[in-house]
Amino acid sequence: MRKTLTTTGAALSLALVLAGCSGPGVDSVELEGDPAEGTAPSVTFETPMNVEEAGAKVLREGGGEELGEGDTILLQAALFKGSDGSSIGETYSQGAGQVLRVEEGLKESIPEMYDALVDAREGAIIAYSSPQTAGAAGDESTSVEVYEVVKKIPAGVEGEMEDTPKGLPEVTENEEGVPQIAKPEGKAPGKLVSEYLIEGDGEEVAEGDTVVANYVGVAWSDGKTFDSSYENGTPAAFALDNVIEGWQKGLVGKKTGSRVVLSVPVDQAYGTKKELGEDSTYPAGSLLFVVDVLAAVDTPEPPAAEPTGEPSAAPSGEAGGSGE
């Protein structure tokens, strides 16, 4: 199976959709040491945690850029069982993390988290708990959610677009700055094309990075949009190791703050119609993307597997997961 473009389904299902009002129940949560970069924090708190009102507590002040209303941020999270403080799960080992906008919807649904975030900086670690973050059936405790603000994400890229490279459909933008791709004509390039439309001045994307980007993707065959983060309403965060080969190779070395056009041949995309099958939801054939590279950060390393004392076995399933 080929890797998908984004890591939907990989992110832990978190509770940033809950409502409540401030309360003291989360005050007992303390950070256990200062976690190494890219690793999930450990916390201690009085158990069983059973808050009657929602509350948030800053466990570590950040030292990076200030956050404010309307900002987009990249978060990682760890969840803990309220009954005994044991880990429920975390997003660090799953790679990319989650993108969140600090906006009115968050203010209305979770005012405690909103208030903590608008006064925070990059690197802040915030604990949250509410009556709605209940434990499993039969467990009346309320879980503790711990969020780390990894990075503040720029709103978009700036600069005048260069002419679209010869042989590719014309790329323009609408009044909102969303890229518009003309219907492709002729045959798609047989090799990967990766060119700047706007060259930023940020750091270069490295192999294996987590990239935060806005993008539009169309099929070469008919020019129809099959995926767009603009339509989804928020940028996407994805670890390069978990995306199609055309993105892995086409974005490495590109500067953050750039707009990049990618023409991805079929052997570096999802595959042919025959390979994908009739029921596939992925687009077949060669693809074209316009990608606004907003930010890039190191992807957290998954924790080392603990030895079991049993001989290792070859993994089942298909080989060549990256489509190479």
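Trainee: Which residue stands opposite Tyr147 in β8, coming from strand β4?
Mentor: That one is Ala77. Keep in mind that we're looking at a predicted model.

Trainee: OK, and how many bridges join β4 to β8?
Mentor: Nine bridges join them, and the two strands run antiparallel. Strand β4 covers residues 72–80, while β8 covers residues 144–153.

Trainee: What about β7, how does that pair with β8?
Mentor: Strand β7, residues 125–129, is joined to β8 by four bridges, again antiparallel. Here Ile126 stands opposite Tyr147. So Tyr147 faces Ala77 and also Ile126.

Trainee: Is β8 largely enclosed or open, and why?
Mentor: Strand β8 is largely enclosed by the rest of the structure, because seven of its ten residues are buried.

Trainee: Let's move to the loop between β7 and β8. Is Thr142 there buried or exposed?
Mentor: Thr142 is buried, with a relative accessible area of 3%. Buried here means under 20%, so Thr142 qualifies.

Trainee: What does the Thr142 side chain reach?
Mentor: The side chain of Thr142 reaches the backbone nitrogen of Val51 at 3.2 Å. There is also a polar contact of 3.5 Å between the side chains of Thr142 and Ser129.

Trainee: Switching to helices: which residues of α2 are buried?
Mentor: In helix α2, residues 111–118, the buried ones are Glu112, Met113, Tyr114, Ala116 and Leu117.

Trainee: And what do those pack against?
Mentor: They pack against β3, β4, β6, α1, β7 and β8. You'll recognise β4, β7 and β8 from the pairing we just talked about.

Trainee: How many residues does the largest nonpolar core have?
Mentor: The largest nonpolar core has 21 residues. Those with the most contacts inside it are Phe238, Trp247, Leu251, Leu262, Phe289 and Val291. Elements giving two or more residues to this core are β12, β14, α4, β15 and β16.

Trainee: Where does Tyr147 come in?
Mentor: Tyr147 belongs to a second, separate core of 19 residues, which also includes Leu100, Leu106 and Ala124. As a general point, nonpolar side chains tend to be buried together in soluble globular proteins.

Trainee: Back to Leu262, what does that touch?
Mentor: Leaving out residues up to four places away in sequence, Leu262 touches ten that you can look up, among them Val193, Ser194, Trp247, Leu251, Phe289 and Val291.

Trainee: You said β12 gives residues to the largest core. Which strand does β12 form a hairpin with?
Mentor: β12 forms a hairpin with β13, with five residues between them. The two pair in the antiparallel sense over three bridges, and Val218 stands opposite Thr225 in β13.

Trainee: What's the phi of Gly223 in the turn?
Mentor: Gly223 has a positive phi of about 75°. For context, most residues other than glycine have a negative phi, and most peptide bonds are trans.

Trainee: Where is there a cis peptide bond?
Mentor: A cis peptide bond joins Thr47 and Pro48, with omega at about -5°. Pro48 lies in the loop between β2 and β3.

Trainee: Another glycine: is Gly271 buried or exposed?
Mentor: Gly271 is buried, at 0% relative accessibility. You'll find Gly271 in the loop between β15 and α5. The C-alpha atoms of Gly271 and Gly285 are 6.0 Å apart, with the two residues 14 apart along the chain.

Trainee: And Asp163, buried or exposed?
Mentor: Asp163 is exposed, with a relative accessible area of 71%. Asp163 sits in the loop between β8 and β9.

Trainee: Zooming out, how many helices and strands are there?
Mentor: The chain has five helices and 16 strands. Of its 324 residues, 47% count as buried.

Trainee: Last topic, what is the mean pLDDT?
Mentor: The mean pLDDT is 86, and 84% of the residues reach 70 or more. Over residues 1–24, pLDDT stays under 50, and the model has 86 contacts beyond four places in sequence for that stretch. Residues 305–324 are also below 50, with 13 contacts beyond near neighbours in sequence.

Technical notes:
Residues numbered from 1 in each chain as written. Predicted model: local features only at pLDDT ≥ 70, side-chain atom pairs only at ≥ 80, totals over all residues. Heavy atoms only, no water. Buried < 20%, exposed > 50% of the residue type's maximum accessible area, 1.4 Å probe, protein only. Pairing = 2+ DSSP bridges. Polar contact = N/O pair within 3.5 Å; in protein donor to acceptor, adjacent residues only side chain to side chain. pLDDT = per-residue confidence, 0-100. Contact = heavy atoms within 4.5 Å. Core = buried A, V, L, I, M, F, W, Y, C linked by side-chain atoms within 4.5 Å.
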